[in-house]
Every structure is written in C-alpha cells, then in structure tokens.
Amino acid sequence: MARILDGAHDVHLENTTFITAKNYVVHNAAFSTSPLKELEPRISAGAMHNSLERCDAPKCHPDTRVAVQEELFSWIVDGDRDPEPKKINWVTGPAGTGKTAIMGTLADMCHKGGFLAGCFFFSSTSTSANRRTSTALIPTLAYQLSQHHEALKGAISNALDGDPIVFKRDLQAQMETLILNPLRKTAEGQDRSNWPKVIIIDGLDECDAEQFHFLRAVPGRKPAEPRSRQDAQEEILKVLENALSDPAFPFCILVASRPERVFRLFFDPEQRKLPFASVVLDDKYKPDADITLFLNAKFKEIRRKYRLAASWPPKDAILTLVRNASGQFVYASTVARFLSEARNANPHTLLNIALNLKPAGVAGVNPFAHLDALYTQILRSSPDPPLVVKWLWFIKIWGTLGDDRPPPASVLNFILETFEGEADHLLGDVHSLVKVPSFEDIEAPYGFYHKSLFDYLEGLYRAGPLFLHYQPRSDFVWEKYLGAVRDGRLKSAEAKQGSSARRLLSCYFHFRPFECAEPFDIAPPTASDFDLPVADVEWWVRATAFHSRTYSLASVFILVHVPAEEDHIRSVLKSEAQ
C-alpha cells in the first residue's frame, strides 16, 4: 500500500489528521491564516465613507458648500507647503449646519483623488454599537491604512501576530502597536510622496463612553465613577495629537464636531502646543445662498413629480424658508422631505403649513425654534403623536441596547403593534423624520435622518407636550417587551418555526435591557412587570437560556427581587453571575 507522503521532502504539518481505509483517504490539515484576519471582526465597516450603512448618508448638493469644500481640500492637498503647516483641522458648527454632508462629500473627493488614508464616521443614532464608541476606531483606521501599501500591511500583520491581545489595551497602546510602530518600521527608504494624505473623523461629539466597571458600591470599595462621553472624546483627541507629534506619522487629520466644551478647550490656542487650523461653519460661507440653491433644486423635483406650474412656489416662500432655516441645512432637508414624502401629499397645502408654523417660546431664546416647530408639526400629523414618540424611543433604545446588528423593522413591528398595519398607520406621515422600510423588505431596519430629532425629543422646553419623561419611556419598553410573552405571541411564533420565527426570537432575546450600566437608558423592571402566568415564566426562562447569554436570567432576578437600597448586594451577585 502506498504511503501518503512517499517521496515528500521538507514537509511541515500542524494539527494534521490522516485516515486511510482501502480506497478512502481523508486529509485534514490546519493551515495558518494571516493575522490581519483578526483585525476584520474588530473594525466598524459602517463607519467608512463608502459603506453600505452610509449609502443614504447626507452629501452636499451639487454647487453648494463649494467655498468650504475648496478650502478644506486645498488644506489637505497643499497644506504641507504652508510656511507654518498645521497637521490637524477642526471643522465645527451647530447641529444641522451640514458638517457630516461636507465631510462625506470631502471623503469621496479625497478617495477619488487618492488622498484619503482612512476615515471614521461616528453616529449616535447608528444601530451599530461600534459606531457609537471608540472601540473600533483604531482597528478601523489600521485596516484602511493596510490597504494602501504592502509593506505597511505586512508590518501591521506582524504587530498583530506579536500582540494578540492588543484589542484589549487602551487607545494609545492600540495606536502605538497597530499604526505608529508599523509606520516607523516601514519609514526607512520609503518614498511617501505618493501616499494618501488625510484621515477624516466625523461626528466625534457623538462618540459615547464605554463603561468598564460596575458603578454601584461593593462592600469595602468606593463605587466607580461613570466614564463620561467627554472623557472618551478627550482620550481620542489626545491619542490623535500624540500621533501627529510622531515624525513617522505622515498624515494630516480632519476632525468635525459640534462646538462642545471638550472641543473648545482642546482647540484653545493658548492650551495647544501643536498648531491647528479651524473652520467654523458660520455666515462667512454664505449658508443662505447654498440653502437657496438646495431648495430650488428640490422644488424643481417636486414640480416635476406633481406636474406643477413653473411659478410654484412663489419667490417669497423660498425667502421665508431660507430665513427660517437660520443656516441649518437640516431644516431645509426636512422641509423638502416633508413636502415630497408625506402620505397624503398635497404640496400646496404642505408648503402653507411649513410657511405658517409659529415657533414656541420667546423669540431669540431657542436657536432651533423653527426646526422644533417643524418637528412638532410633522409628529402631530400622525394619528396618535404621543404614541409615535413612544415608538421612536423604543426603536432608539433597542438600537442602543440590542445586538450590534440592527433588528429588522418587521421584528420591531411584531413587538410594538397592537393590530396589523399599526406601523403604517402611525408612521405613514413621519417618513420625513424616520427611514421606514417598505412592507416587502422584511430585513431592513428603521433609521433616523438626523441626530437633532432626539436632541429635540430630549428637551422638555423644546418638545413641549411631546416630551416623554424617563419613567414613562421605560414603562413603555417593559410593557411591549414583556407583553409579547404575556399575550403568547412569541410562543406562537416559535411553534411555527421557519427562518422568520428564528430571526424574531434571536432579535428578541439579544435585546439586553437588563444588563445596561448606569446611567440607565431605561429604568429597571419591577416585580409587577413580571406578573405572568407560571407557564409563561417557565417558557421565557427556557427561551432566554437557549437564545441569549444565561447570566441575563441572574440579572433579571437581581433587578426584580433585590431591593434597590441593597446596591452592594446587587453588584456582588451580578459579578458572581457573570
């Protein structure tokens, strides 16, 4: 009988199994794979400028924001020739001024021209958790850099091979291991004149903080202070600053954010040794002229869609809308969607509504008064505005506490609806605020067009009667979440089996409201919330253990049965459960 390796030389095999029986031979050998494969699951593909998740992200309308785009593009391409080159540029402006649209358009331009080294678009409304925190930032940038140069790809691969737990280290250590050290090792003898030039980071003010410690007291130990979003944002800024100070780092960095305190302090000329440039999206860049161009283009589309006269709308209508926008592109884009996407579309009537909205409050106190009035009008166009607001909060909370993969809208409809078709009944007239998938698309998730919607909903003064306090918001989540067990819908779905039933149960049990760290996105449940028949409780416990992480059962028991004042007992029990 011939031997398998007859005549072979210099063979090295690992974890190898050979089974031979008459004419039957099975070879099973494990071949090593590139360490870069370890990088892929750690990145946020949705945070890249050309990702599927960002396929409908805002971009600058043709011929708008030209001046600011040209200024930034010139800085990227030729800024290193300035007498005093500045390696970081801060783009800032209030909510709704078009920062993300500008950065997205600029990223596309740089990508086409070969100038884009990497980018990361944070988003607090994304259903992908890794776009809401800094966890995936450095791996995502390292992955993009590895695609530009073979030597750098090899150096990053070696770095991963040498430090397999680098992803559990802090941001500075990750920057050193995955980006700076590989750049240093490939710097000698390399002509970098043809390398890409810029790293773009958008929405840094939307980056939230991950909590790594229990925030409640443990006997003999002080409770940990919650890590604030400002802490996370400042850490990122310092890591970027350290990278820019390294001679091996050849890129400039473009950062966009709202002008919040942490950014104003960081980009204070008296505090920074590293020189920086800044672009403030104010009247200098003539936003009114750009908004006028944008509205004219959108009205042209609406005229064509509804076969309206060329004289519609009157010129004074556009002037009024531009004045109401106060430089906020989000107002103009929301008006355009309001006129073109309302279910009972009558452009004449809808335009009159938009023009005649009266902002609440004292003039001049709220800079978003006209935007708030528009949001209020659109939400009130629903048959049940308070219920619509509850639905919006439920969708957002599920995106925050659920799995990284956003649940399909069809699954949320199953849990939220009290009658078939309620989703269309409630949301049919708010499509200008919410991305609502078609009925036939059972896999697509809900989405929100702009973060400013929840800025509005979170403000008692701004939302007025539509403001929903923390406790009733939480009560609605528990009512709907446990109601699907109480009324037997989930058990019925499980009995039907099939792929749709498996998807539903998987999404349901990967919603993790019991395990969120303080400050809670929702209030914890009470014993009365679990006032279910014994058979339902037994089914729920079994299904939770099967579909999710089993220690969530312990979390539920602790939250419901251990008194709130016994925080230290809760912390110890939860730690032991995990």
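# Chatting through a predicted model

Colleague: Quick one to start: is the crossing of H8 and H9 left-handed or right-handed?

Modeller: The crossing of H8 and H9 is right-handed. Keep in mind that this is a predicted model.

Colleague: Okay, and at what angle do those two helices pack?

Modeller: About 130°, and their axes are 10 Å apart. H8 covers residues 287-306, while H9 covers residues 315-325. With that angle, H8 and H9 are therefore oblique to each other.

Colleague: Which residues of H8 meet H9?

Modeller: On the H8 side you'll find Asp288, Ile291, Thr292, Leu295, Asn296 and Phe299. They meet Ile318, Leu321, Val322 and Ala325 in H9. Sorted by kind, the residues of this contact come to 7 nonpolar, 2 polar and 1 charged.

Colleague: Which residues of H9 are buried?

Modeller: Ala317, Ile318, Thr320, Leu321, Val322, Asn324 and Ala325 are buried there.

Colleague: And what do the buried residues of H9 pack against?

Modeller: They pack against H8, plus helix H10 (329-341), helix H11 (347-355) and helix H12 (369-380). One extra detail: just after H9 comes Ser326, with a positive phi of about 50°.

Colleague: Let's switch to the helices H1 and H2. How far apart are their axes?

Modeller: The axes of H1 (residues 66-78) and H2 (residues 99-113) are 11 Å apart. These helices pack at about 45°, so H1 and H2 are oblique to each other. Their crossing is right-handed.

Colleague: Which residues meet in that pair?

Modeller: From H1 it's Val68, Gln69, Leu72, Phe73 and Ile76, and from H2 it's Ile102, Thr105, Leu106, Met109 and Cys110. The residues of that contact split into 8 nonpolar, 2 polar and no charged.

Colleague: Cys110 got me thinking. How many disulfides does the structure hold?

Modeller: The count is 0 disulfides. As a reminder, a disulfide is a covalent bond joining the sulfur atoms of two cysteines.

Colleague: So why is there no bond for Cys252?

Modeller: Because the closest cysteine sulfur, in Cys110, is 8.3 Å from the sulfur of Cys252, and that's too far for a bond. A disulfide would need the two sulfur atoms within 2.5 Å.

Colleague: Is Cys252 buried or exposed?

Modeller: Cys252 counts as buried, because its relative accessibility is 11%. Cys55, on the other hand, counts as exposed at 62%.

Colleague: What about Asp80, where does that one sit?

Modeller: Asp80 lies in the loop between H1 and strand S3 (88-92). Asp80 and Cys252 are 172 residues apart in sequence, yet their C-alpha atoms are 8.8 Å apart in space. Leaving out neighbours within four places in sequence, Asp80 is in contact with Pro85 and Lys197.

Colleague: And Arg65, where is that found?

Modeller: In the loop between strand S2 (24-28) and H1. Arg65 has a relative accessible area of 3%, so Arg65 is buried.

Colleague: Which residues does Arg65 touch?

Modeller: Not counting residues up to four places away in sequence, Arg65 touches Cys60, Thr97, Ile102, Leu281, Tyr285, Asp290 and Phe329. Ile102 came up before, as one of the H2 residues that meet H1.

Colleague: Last topic, the whole chain. How many helices and strands are there?

Modeller: There are 23 helices and 9 strands. The chain has 578 residues, and 49% of them count as buried. Looking at contacts between residues at least 6 apart in sequence, 74% join residues at least 24 apart.

Definitions and conventions:
Residues are numbered from 1 along each chain as its sequence is written. This is a predicted model: local features need pLDDT of at least 70, side-chain atom pairs count only at pLDDT 80 or more; totals for chains, interfaces and linings use all residues. Side-chain values use heavy atoms; hydrogens and water are left out. Axes are lines fitted to C-alpha atoms, for helices over the stretch in contact, and angles run from 0 to 180 degrees between N-to-C directions. Helices (H or I, at least four residues) and strands (E, at least two) are DSSP runs, numbered from the N terminus. Angles under 35 degrees count as roughly parallel, over 145 as roughly antiparallel, 65 to 115 as roughly perpendicular and the rest as oblique. A crossing is left-handed if the near helix is turned anticlockwise from the far one by less than a right angle, and right-handed if clockwise. Contact means heavy atoms within 4.5 Å. Ala, Val, Leu, Ile, Met, Phe, Trp, Tyr, Cys and Pro count as nonpolar, Asp, Glu, Lys and Arg as charged, and the others, Gly among them, as polar. Buried means under 20% relative accessible area, exposed over 50%, partly exposed in between (1.4 Å probe, protein chains only).
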